[in-house]
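The following exercises ask the reader to work through one structure, step by step. Please attempt each task before reading its solution.

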Amino acid sequence: MAAALQATPLKTLAFSRRRAGGAALRPRQMAALRCSASARSYNITLLPGDGIGPEVVAVAKDVLSLAGALEGVELRFQEKLMGGSALDATGVPLPDETLAAARDSDAVLLGAIGGYKWDNNEKHLKPETGLLQLRAGLRVFANLRPAAVLLQLVDASTLKKEVAEGVDIMVVRELTGGIYFGKPRGFGTNDNGEETGFNTEVYAASEIDRIARVAFEVARKRRGKLCSVDKANVLEASMLWRRRVTALASEFADIELSHMYVDNAAMQLVRNPKQFDTIVTNNIFGDILSDEASMITGSIGMLPSASVGESGPGLFEPIHGSAPDIAGQDKANPLATILSAAMLLRYGLGEENAAKRIEAAVTETLNQGFRTGDIYSPGTTLVGCKRMGEEVLKTVESQKAVAAIN
Ligand SMILES: NC(=O)C1=CN([C@@H]2O[C@H](COP(=O)(O)OP(=O)(O)OC[C@H]3O[C@@H](n4cnc5c(N)ncnc54)[C@H](O)[C@@H]3O)[C@@H](O)[C@H]2O)C=CC1
Ligand SMILES: CC(C)CC(=O)C(=O)O
Ligand SMILES: [Mg+2]
């Protein structure tokens, strides 16, 4: 079992329901931060990245600081370059200094990387390559992506209310293997002299076993159902995946295991998403299916994630990308990153009460009717990224104590 997941009781894996550019902290908030001088303290590496990344990370940082301080947790932040911004400044997408700082910290919060400017770079000079290097460098093989439809956002779902209501899925995605990392890969020429591009989907049995164990344990703390998604009718890597997951099931007799081909899973997610509890799948299928699942919840701007390994700091990031189409316009939904900060507190630091404060504040802010454009519906109040952050901050501050939240 991944040590980082042991930092907190495993039941917390049952995640359910349940100042871009710096919204100025108000005096009472500053006082809460000062009170934390003798608190439990942790070092957090912030990697804002590109596009909307810096906007959403600035907001999430303030929420994280305040929720921590109110629970006696001092968080010390250091910000490092990552992605396209690192390429521009240093010539590489993941500077050694950034990886070293991330490894040395207690947890890492990432915004997003990438953008049009770097789209045609050679592979080793792409922001996305830096992200893969970071995940591999931190050995965070288990990526938890919860997709739960909040009551307040049922109307924002693209699915009918009766289909979306009550959906609560955890996608457990393998993060450091599969086709994103497999070799050989590259460009070549076929027998007809035509140019080719190729990648390799490869999994070792041990890589499958360790992610499957995490998924069985996650399912055990949720509703006891695990669906393994693969393409075992065609791909050898998936045939091995299915064999290993099936073999492990004997150690988890209390879990109802099923298997589904990925094409069917993509269809079932929009036909009847409530059939799913926990899904375990490989790197590329998990990437795609979690973006699909996000729309059931209303927006990709709502979905957080936690990536953890056997040891070392966890990596916490929204599932979305750098959204260059809305970057710099104060339109981004910061809630996915704020909820990733809650996952950081829970899974990365074992600070459950502070995590709950953030989740309760997000729910309350939505109850108050504040919505960014991606989740807007008539009758609610349209706000930008900064204002959404300010409203969440106010709500975090106004909560009496976590006992009252429970
Ligand atoms: N983890 C990461 O850093 C990831 C980076 N990327 C990179 O991001 C860049 C853009 O990729 P896309 O395919 O366009 O995916 P994307 O997730 O950045 O955007 C897809 C759509 O969702 C919207 N969106 C995303 N996040 C949002 C938010 N918080 N609030 C409101 N709307 C939001 C965008 O405006 C866009 O219309 C690419 O360079 C890609 O490689 C993509 C996925 C993950
Ligand atoms: C940008 C890629 C490296 C990965 C991705 O889309 C994701 O992890 O969601
Ligand atoms: Mg993705």
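**Exercise 1.** Determine which helix gives the largest share of the shell around ligand 2, and classify the residues of that shell.

*Solution.* The model is a predicted one.
Step 1. List the surroundings: Glu128, Leu131, Leu132, Asp287 and Ile319 surround ligand 2.
Step 2. Assign them to elements: helix H6 (residues 127-138) supplies three residues, the largest share of the shell.
Step 3. Sort by class: three residues of this shell are nonpolar, none is polar and two are charged.

**Exercise 2.** Describe the shell around ligand 1: which residues come nearest, and how does the shell divide by class?

*Solution.* Step 1. Ligand 1 has 21 residues around it, and those that come nearest are Gly114, Gly301, His320, Gly321 and Asn333.
Step 2. By class, the shell of ligand 1 comprises 10 nonpolar, seven polar and four charged residues.

**Exercise 3.** Establish the strand order of the open sheet and explain why one side of strand S2 and of strand S9 is left without a neighbour.

*Solution.* Step 1. The open sheet is formed by 10 strands with mixed pairing, in the order S2-S1-S3-S12-S11-S4-S5-S10-S8-S9.
Step 2. Strand S2 (73-79) and strand S9 (256-261) stand at the edges; each has a single partner strand, and therefore one side of each lacks a neighbour in the sheet.
Step 3. On average, neighbouring strands of this sheet are turned by 25 degrees against each other, with direction ignored.
Step 4. Helix H9 (residues 236-248) packs on the sheet, where it touches S9 and strand S8 (225-230); the direction of H9 makes about 160 degrees with that of S8.

**Exercise 4.** Compare the pairings within the sheet: which run parallel, and which antiparallel?

*Solution.* Step 1. Strand S3 (residues 107-112) and strand S12 (residues 314-316) run parallel and are joined by three bridges. Within this pair, Leu109 is opposite Phe316 of S12.
Step 2. Strand S4 pairs with strand S5 (residues 168-174) in the antiparallel sense, over seven bridges. Ala142 here faces Glu174 in S5.
Step 3. S4 is also joined to strand S11 (residues 306-308) by three bridges, again antiparallel; Asn143 has Ser307 of S11 as its bridge partner.

**Exercise 5.** Explain why strand S4 is described as largely enclosed.

*Solution.* Six of the seven residues of S4 (residues 142-148) are buried, so the rest of the structure largely encloses this strand.

**Exercise 6.** Relate the UniProt annotation to the model.

*Solution.* Step 1. An unreviewed UniProt entry places "domain: Isopropylmalate dehydrogenase-like" at residues 43-392.
Step 2. In the model, this span is 41% helix and 19% strand, and its end C-alpha atoms lie 23 Å apart.

Methods: Residues are numbered from 1 along each chain as its sequence is written. Chains are lettered from A and ligands numbered from 1 in the order in which they are written. This is a predicted model: local features need pLDDT of at least 70, side-chain atom pairs count only at pLDDT 80 or more; totals for chains, interfaces and linings use all residues. Two strands pair if DSSP finds at least two bridges between them. Helices (H or I, at least four residues) and strands (E, at least two) are DSSP runs, numbered from the N terminus. Axes are lines fitted to C-alpha atoms, for helices over the stretch in contact, and angles run from 0 to 180 degrees between N-to-C directions. Two residues are in contact if their C-beta atoms, placed from the backbone, lie within 7 Å. A residue is near a molecule or strand if its C-beta atom, placed from the backbone, lies within 6 Å of it. Ala, Val, Leu, Ile, Met, Phe, Trp, Tyr, Cys and Pro count as nonpolar, Asp, Glu, Lys and Arg as charged, and the others, Gly among them, as polar. UniProt positions are given in the numbering used here, feature names are shortened, and annotations may be inferred rather than shown by experiment. A residue is buried if 20 or more other C-beta atoms lie within 10 Å of its own, exposed if 12 or fewer, and partly exposed in between; C-beta atoms are placed from the backbone.
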